[in-house]
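Work through the exercises below with the model open, and try each task before reading its solution.

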Amino acid sequence: MKFELDRNSPTPLYQQLRNQVRERILSGALPPGTRLPPERTLARRLGVNRTTVVSAYRELAAEGLVEGRVGHGTVVLRPPEAAQSGVVRPMRWAGPTEAEEPLVADLNAILRRPGAVSFAHGEMSPELYPVAPLATLAHRVLQDGSALGYGPIAGYGPLREAIAAAMGVTADEVLILAGSQIALYLISRVLLQPGDTVLVESPSYINSLGIFDSAGVRVVPVPVDRHGLVVEGLEELVLRYQPKLLFTLPNFHNPLGVTLAPERRRQLIQLAARHQLGIVEDDPYGQLYFTPEPVPTLKSMDPGGYVIYISSFSKTVSPALRLAWIVAAPPVVERIARARGNLDFRAALLNQRVMEAFLREGHLDRHLAAVRSTLKVRRDALMEALEAHMPPGVTWYVPEGGYHVWCSLPRPLTARRLLTEAGRDGVAFMPGDFYGAGQLARRGLRLNFSYPRLEEIGPGIQRLARAVERLLKEEASAGGEPGAFSGPVV
Ligand code: PMP
């Protein structure tokens, strides 16, 4: 609390002090309940007589702005209405504001360059969206006024039934929500208490980490390798931390692109049964497989309601529809449905009606077949380009579906450094450390192949590879160890 008194001013010192304290009280800088410095202390600090401070405080008390309290000294009061009139006190919102992620600004700057290629996106290129059938169905659905009402809390009945039939469950196990993000948020609010522990893959889907953080739960990382979540060692973590839930992305992991091996799936379910461990299976990419058949979900192997399954139409049809669903035991569905009533009340009925018609008329199956084959062609082009252009020491996983490839740089390069270098050539990707997972992730890149068009992939990777080579050369001339790759790839 600093006050400045001007000895050359014609205004007496006690009035200067009174004015400054009054101004701060009225602006809210000194909120009600604040203790003013003791008279003697403030007098010493300002180099004035004690009576100067006593007079200032006395006048403030007379205006009803402060009060002398026995044992507490002089305390600021809530200013009376009259004192506040004419003074605008800006609203002081409590709590910290979130800092903008500088990476997003960097990526946007790169993508503004002419001819830029984005391997950084998390969505499909716009020409892959099923515009024509959605437009026809939306037009048709809009002829019926009942599509403009609220709809049921757990979702539009026929859509729940269609999803239930496709997944081999009953409609009361299905809840429609406006996005996986809301699903995960509600699961964390309904099933977790602050201080609980959850096991989360490392690295994992970035936006899940924010949810667990805001729920006040402790996150214990579990490693992931080329066969998905490492199940070996998991039981020890369960015994040590007594987690309530495990959050896992078994199919075409984001950001790693890897898929959980069938044997590990069986072990995971057995472990959940032994320890009554809840599993949240986040599966937005599962239907985008490049193998002849899809991988069976953990939910389909679940004998005792351990698994809460989340999926979404965001990655398969369109994220703009904001439609996702969970499959869980009916009591869990009911609890989460009640909680959603407080959050967003209902998912958009119009979008659900359009999606239900999209499924019923067979559009989804046709569309998925087309998307799978386009994405597979792009994945293959990306693999070929990496093989053709990347210098030795750069390694990657081959994804069997989904949107992403994880690529690792040789030591001592980091993905952030490469982003700066490749960004000058208009090539963007997601640096691995964005997804957590410490040192190994610092050398990792998430390369998306659902957004760049086929003809952009080869030239984009070629430019990226040249940027890697330039950095390796720089290192070599600085006496580093070019191309020396050692250790596992996350
Ligand atoms: N989970 C994963 C693994 C994702 O990659 C995404 C989207 N990037 C989501 C959830 C969120 O999807 P939605 O649009 O349904 O909220």
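**Exercise 1.** How do the residues of the lining of the largest pocket divide into nonpolar, polar and charged?

*Solution.* This is a predicted model, in which local features need pLDDT of at least 70 and side-chain atom pairs count only at pLDDT 80 or more, while totals for chains, interfaces and linings use all residues. Residues are numbered from 1 along each chain as its sequence is written, and side-chain values use heavy atoms, with hydrogens and water left out.

The lining of the largest pocket divides into 16 nonpolar, 11 polar and 6 charged residues, where Ala, Val, Leu, Ile, Met, Phe, Trp, Tyr, Cys and Pro count as nonpolar, Asp, Glu, Lys and Arg as charged, and the others, Gly among them, as polar.

**Exercise 2.** Place the largest pocket relative to the domains.

*Solution.* Start from the domain assignment (bounds from an automatic or database assignment), which gives domain 1 (13–99), domain 2 (104–128 + 366–477) and domain 3 (131–361). Domain 2 and domain 3 both give residues to the lining of the largest pocket, so this pocket lies between them. Next, turn to the helices: α5 (102–111) gives the most to that lining, with 5 residues.

**Exercise 3.** Which residues of helix α9 are buried, and where do they pack?

*Solution.* In α9 (residues 206–214), the buried residues (under 20% relative accessible area, 1.4 Å probe, protein chains only) are S208, I211 and F212. Seen down the helix axis, these buried residues fall within an arc of 95 degrees, so they line one face of α9. They pack against α8 (180–191), β5 (197–202), β6 (218–225) and β8 (245–248), with contact meaning heavy atoms within 4.5 Å.

Note on methods. Buried < 20%, exposed > 50% of the residue type's maximum accessible area, 1.4 Å probe, protein only. Helix = DSSP H or I, 4+ residues; strand = E, 2+ residues; numbered from the N terminus. Arc of directions from axis to C-beta.
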